[in-house]
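Subject: Structure handover

Hello,

Here is the structure I said I would pass on. My notes on it follow below the entry.

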Amino acid sequence: MNYWILSVLFLPHVFALSLVGQEFVGKCLYYQNTINPQPFVHQRKNCTSLWESFRDAIAYQPACHVPRERFTQFVRDSQHAIARDKFVFWEHVYDIVMRYSNRGRRTFSIADTLTGFLGDTKFCGSNSSADGVEQDRSKCPGYDQTPECPWSAEAAFWTEASDFFSKSAYGEIELMLNALSNTPLTNDSYFSRFELPNLKGPNVTSLRVLFALNSALPPRETCSGSSVELVKRTLAKQGVTNVTCEVNPSSLKFQFCSEDPRLPFCSKDCDTSDTWSVHCQVITLCFAIVFCKMIFVIQYH
């Protein structure tokens with residue numbers, strides 16, 4: 001989507017902004033109008049002000065040495081309410097958790113918040129552009145932290161945003177891990193370093209680990225492995241003792257089987273579970289509708 005079109009339609013004065021600024025304002029409007037309008041019913045965020053806060057954080061900054069504190073004001077300004085029991089964290093399952101959260105309709109990952117949505121792109125500072133923001137994003141170093149580039153603007157942003165997101169989590173929260181990973185979670189994982197230390201009782205009442213397995217291959221680690229033990233050990237010290245774990249709970253199975261009904265656990269569950277027989281009937285009906293539409297298009301076009 002060309003988000004800058006929205007910014008021009010609703011806020012004509014953004015013509016004065018750079019193309020990156022126009023896109024940012026357009027994304028901000030799109031999020032509040034379409035993706036997640038509920039938190040902004042009574043008070044909307046000023047998208048131009050948010051852009052100015054974001055721009056000031058990265059303007060004229062070196063490519064690989066940006067202090068995370070520069071994003072503190074923007075992260076605070078872009079916060080909005082998230083319901084209790086609606087926080088999900090993850091490691092090595094980005095695509096799966098994005099489909100699972102469904103843009104905040106089921107639950108919220110950090111990328112589903114306004115803060116994360118606005119920052120989910122490449123960006124960095126520049127000494128040659130008028131507003132101090134690089135317009136050619138291919139020149140930006142990206143998110144990954146390396147010895148040569150330990151703190152890019154993106155790394156600094158996500159670290160500060162993750163810190164705030166995890167500190168605001170409350171109720172029952174979820175952590176999704178990859179069952180096919182050799183090391184789903186370690187002490188050096190992003191979640192372990194920047195988010196797990198902030199999940200403390202009594203705000204956090206329990207944590208539910210979800211191991212995602214969307215393959216016919218056997219899992220490499222599940223609930224009895226070192227990843228869950230690491231979570232339990234850390235949370236116990238922080239006043240959270242209720243930690244549960246599941247491999248492919250029904251919500252994930254339904255997601256995986258709707259995407260690929262050939263997965264072995266889809267047919268198995270259809271045969272043995274009353275609850276899943278309903279799910280399977282729905283999946284079958286959906287594919288039948290799609291098939292009929294394809295036949296109609298081929299026949300009449």
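Serine 78 has contacts with Lys45, Leu50, Leu114 and Thr115, not counting its neighbours within four places in sequence. Bear in mind throughout that this is a predicted model. The residue sits in the loop between α4 (72-77) and β1 (88-91). Its relative accessible area is 0%, so serine 78 is buried, the cut-off for that being under 20%. One of its contacts is polar: the side chain of serine 78 meets the side chain of threonine 115 at 2.7 Å.

Next, helix α9. This helix runs over residues 226-237, which makes twelve residues. At 1.5 Å a residue they should span 16 Å, and the expected span takes one less than the number of residues. The end C-alpha atoms of α9 are 17 Å apart, which agrees.

Which residues of α9 are buried? They are Ser227, Val228, Leu230, Val231 and Leu235. Because these cover an arc of only 155 degrees around the axis, they are on the same side of α9. The elements that cover the buried residues of α9 include two listed before the helix in sequence numbering, β2 (171-178) and α8 (190-194), and also β3 (204-212) and β4 (243-247). Just after α9 comes glycine 239, with a positive phi of about 85 degrees.

Some backbone details are also worth a look.

- Glycine 201 and proline 202 are joined by a cis peptide bond, with omega at about 5 degrees. Proline 202 belongs to the loop between α8 and β3.
- Histidine 92 is not a glycine, yet its phi is positive, near 65 degrees. The loop that holds histidine 92 lies between β1 and α5 (94-101). With a relative accessible area of 45%, histidine 92 is partly exposed.
- Arginine 103, again not a glycine, has a positive phi of about 55 degrees. Arginine 103 is placed in the loop between α5 and α6 (114-119). Its relative accessibility is 38%, so arginine 103 counts as partly exposed.

Is serine 78 buried or exposed, if you want one residue to start from? Serine 78 is buried, at 0%, and its side chain makes the polar contact with threonine 115. For a second stop, take α9 and the side of the helix that carries its buried residues.

Regards

Notes
Residues numbered from 1 in each chain as written. Predicted model: local features only at pLDDT ≥ 70, side-chain atom pairs only at ≥ 80, totals over all residues. Heavy atoms only, no water. Helix = DSSP H or I, 4+ residues; strand = E, 2+ residues; numbered from the N terminus. Buried < 20%, exposed > 50% of the residue type's maximum accessible area, 1.4 Å probe, protein only. Polar contact = N/O pair within 3.5 Å; in protein donor to acceptor, adjacent residues only side chain to side chain. Contact = heavy atoms within 4.5 Å. Arc of directions from axis to C-beta.
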